[in-house]
Amino acid sequence: MSELEFTALRERARDLIQKARLPGTTRPDNVSGHTITRSTRCVLCDIFAEPGECFYEVHAQGKGMGSQIYGFHFLCHAAWQIEAAGVKRAPAPNKPTPPS
């Protein structure tokens, strides 16, 4: 995969996080990586991973839907992690906002 293709994955991850179609958290409930035995669609690139490929499953809170399972190819998972780490979050309630 070229740097340009990886940059495109990161941009798509950022867009899906902003649209709440992917979780914007660096602390999911659970992450597991395994070799899959049947074709499974990646939530980021929308391409099927084939049997024998490494695939990551992320269990995280979906927007208003409770815990969801998000499946990723290895590099798609990396792109999502980078973009999830960069998401700006609103300050916690009842905590003063530091001066700018």
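This section describes the fold, the second helix, the salt bridges and a surface patch of a predicted model.

The protein contains 2 helices and 5 strands. Along the sequence these elements are arranged in the pattern α-β-β-β-β-β-α. Of the 100 residues of the protein, 25% count as buried. Among contacts with a separation of 6 or more, 53% are between residues 24 or more positions apart. The exposed area of the protein is about 6800 Å², and 53% of this area is supplied by carbon and sulfur atoms.

Helix α2 comprises the 12 residues 74-85. At 1.5 Å a residue, a span of 16 Å is expected for helix α2, and the distance between its end C-alpha atoms, 17 Å, agrees with this. Buried residues in α2 are Cys76, His77, Ala79, Trp80, Glu83 and Ala84. These residues lie on the same side of α2, because they cover an arc of only 160 degrees around the axis.

The whole structure was searched for salt bridges, and 4 were found. Side chains of opposite charge can pair when their charged atoms come close. One such pair is formed by the side chains of Arg10 and Glu83, with an N to O distance of 2.6 Å. Arg10 belongs to helix α1 and Glu83 to helix α2, so this salt bridge ties together parts that are 73 residues apart in sequence. Glu83 has a relative accessible area of 8%, under the 20% limit, and is therefore buried. Arg10 has a relative accessibility of 30% and counts as partly exposed.

Another salt bridge joins the side chains of Asp15 and Lys19, at 3.2 Å from N to O. Asp15 is partly exposed, with a relative accessible area of 29%. The side chains of Asp46 and Arg41 also meet in a salt bridge, at 3.4 Å from N to O. Both partners count as partly exposed: the relative accessible area is 42% for Asp46 and 40% for Arg41. Arg10, Arg14 and Glu83 are joined into one network by salt bridges that share partners.

On the surface, Met1, Phe74 and Leu75 make a nonpolar patch of about 320 Å². Met1 is located in the segment before α1, which covers residues 3-18. The relative accessible area of Met1 is 59%, over the 50% limit, so Met1 is exposed.

Conventions:
Residues numbered from 1 in each chain as written. Predicted model: local features only at pLDDT ≥ 70, side-chain atom pairs only at ≥ 80, totals over all residues. Heavy atoms only, no water. Helix = DSSP H or I, 4+ residues; strand = E, 2+ residues; numbered from the N terminus. Expected span 1.5 Å × (residues − 1). Buried < 20%, exposed > 50% of the residue type's maximum accessible area, 1.4 Å probe, protein only. Arc of directions from axis to C-beta. Contact = heavy atoms within 4.5 Å. Areas by Shrake-Rupley, 256 points an atom, 1.4 Å probe, with all protein chains shown as cover. Patch = residues over 30% accessible without salt bridge, like charges linked within 9 Å, V, L, I, M, F, W, Y side chains within 5 Å.
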